[in-house]
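Here are a few notes to go with the structure you asked about. Keep it open beside you and follow along point by point.

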Amino acid sequence: MLRVELPDVPGSLGALATALGGAGADIEAIEIVERRSDGKVVDDVLLELPPRVMPDALITACHQLEGVKVDWISRYNAGANLSMDLEAVERFTDDPARAIARLVDVIPETFRTDWAMALERVDGEAHVMAKSSTAPKLVEGATEWLGIRKAKVLREVPEWDSMVLAACPARDRRGNGLVVVVGRHGGPEFLNSEVARLGHMVSLAASVQTV
């Protein structure tokens with residue numbers, strides 16, 4: 001997956017696709033992550049590379065285009081795909097009793113994170129409601145996350161080396177508080193638009209949860 005900044009003008013996306021194709025990449029999907037006030041747009045590009053092509057070739061091809069900057073490039077989980085928000089909503093509304101758990105399942109592919117977990121307070125301490133298969137073990141201090149009042153980027157946790165984190169609080173239909181925490185190993189950093197989008201999704205799933 002490639003995260004790239006480019007001018008928000010007609011033809012720039014086509015030029016990017018042509019450059020990546022010329023470097024040997026087979027583009028599978030392109031998604032707009034953020035439009036900025038400075039006339040730039042941030043796109044995530046999911047692509048497949050043949051064994052003979054090195055990722056550096058893609059960076060070189062992008063940087064030959066005027067106004068284009070590569071923010072991040074990394075191997076993406078095999079078999080993963082860019083999932084639209086509507087598909088994610090359908091997944092957790094299909095099973096209201098497990099809406100939060102279903103959301104946690106779809107967050108990694110929908111938001112391109114490495115893992116997700118949902119926490120609730122039990123006897124004053126953070127307790128895992130649901131987590132994706134690759135989520136790390138809870139660390140000391142996780143209970144503090146249950147006190148945040150809005151979706152935000154979290155400070156790095158030393159035990160989770162090079163992990164960028166974001167968290168989104170919500171309340172279920174019974175008024176119980178919870179927080180969903182997500183992580184990416186090594187980046188890219190969470191953009192404000194991503195955090196806001198994730199917060200909206202968490203609030204929606206919490207409002208659906210029936211148990």
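1. Which residue in β9 is the bridge partner of A167? Keep that in mind while you find your bearings; this is a predicted model, by the way. Look for strand β8, residues 163–171, and strand β9, residues 177–185. They run antiparallel to each other and are paired over nine bridges. In β9, the residue you want is V181: that is the bridge partner of A167.

2. Now zoom out to the whole sheet. It is an open one with five strands, and reading across you get β6-β5-β9-β8-β7, with antiparallel pairing. The edges are β6 (125–131) and β7 (152–154), and each of those pairs on one side only. Going from one strand to the next, the twist averages 35°.

3. Next, have a look at β5 and β6. These two pair in the antiparallel sense as well, over six bridges. L119 stands opposite V128 in β6, if you'd like a spot to check. The two strands make a hairpin with two residues between them. Click on D123 in that turn: its phi is positive, at about 55°.

4. What about the helices? Helix α4 (residues 99–111) lies across β5 (115–122), β6 and β9, and runs at about 150° to β5. Helix α5 (residues 192–208) lies across β7, β8 and β9, and its angle to β8 is about 40°. So you can trace β9 in both lists: α4 lies across it, and α5 does too.

Technical notes:
Residues numbered from 1 in each chain as written. Predicted model: local features only at pLDDT ≥ 70, side-chain atom pairs only at ≥ 80, totals over all residues. Heavy atoms only, no water. Pairing = 2+ DSSP bridges. Helix = DSSP H or I, 4+ residues; strand = E, 2+ residues; numbered from the N terminus. Axes fitted to C-alpha atoms, helices over the stretch in contact; angles between N-to-C directions. Contact = heavy atoms within 4.5 Å.
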